[in-house]
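Work through the exercises below with the sequence and the model side by side, trying each task before reading its solution.

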Amino acid sequence: MIVAGIGCRKGATATEIDAAIEAALAETGQTRDALTALATSDGKGGEQGLIDAAAARGLELKLVK
């Protein structure tokens, strides 16, 4: 189980977030299938780019306090 913790600037797009995820997976030798969820701070939970990136991958976006 791998959860990607995502921190981003306000207004980051799903494309930018997805590119960062892909780079991290490649750097660690993991596949897309290894990723089971995305996580971010509860303050970023309304960011559309994060919501869209999680939805595009069919993953839950977990919010952390």
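Helices (H or I, at least four residues) and strands (E, at least two) are DSSP runs, numbered from the N terminus. This is a predicted model, in which local features need pLDDT of at least 70 and side-chain atom pairs count only at pLDDT 80 or more, while totals for chains, interfaces and linings use all residues. Residues are numbered from 1 along each chain as its sequence is written, and side-chain values use heavy atoms, with hydrogens and water left out.

**Exercise 1.** Locate Glu 47 and describe its surroundings.

Solution. Begin with the loop between β2 (35-41) and α2 (48-57), where Glu 47 is found. Next, list its contacts (heavy atoms within 4.5 Å): apart from neighbours within four places in sequence, Glu 47 touches Arg 9, Lys 10, Gly 11 and Ala 12. Finally, Glu 47 is buried but has no salt bridge, the nearest side chain of opposite charge being Lys 44, 4.8 Å away. Here buried means under 20% relative accessible area, exposed over 50% and partly exposed in between (1.4 Å probe, protein chains only); Lys and Arg count as positive and Asp and Glu as negative, with His and the chain ends not counted; and a salt bridge needs a side-chain nitrogen of Lys or Arg within 4 Å of a carboxyl oxygen of Asp or Glu.

**Exercise 2.** Place Val 3 and state its exposure.

Solution. Val 3 is found in strand β1, and at 37% relative accessibility it counts as partly exposed. Its C-alpha atom is separated by 6.7 Å from that of Ala 39, 36 residues apart along the chain.
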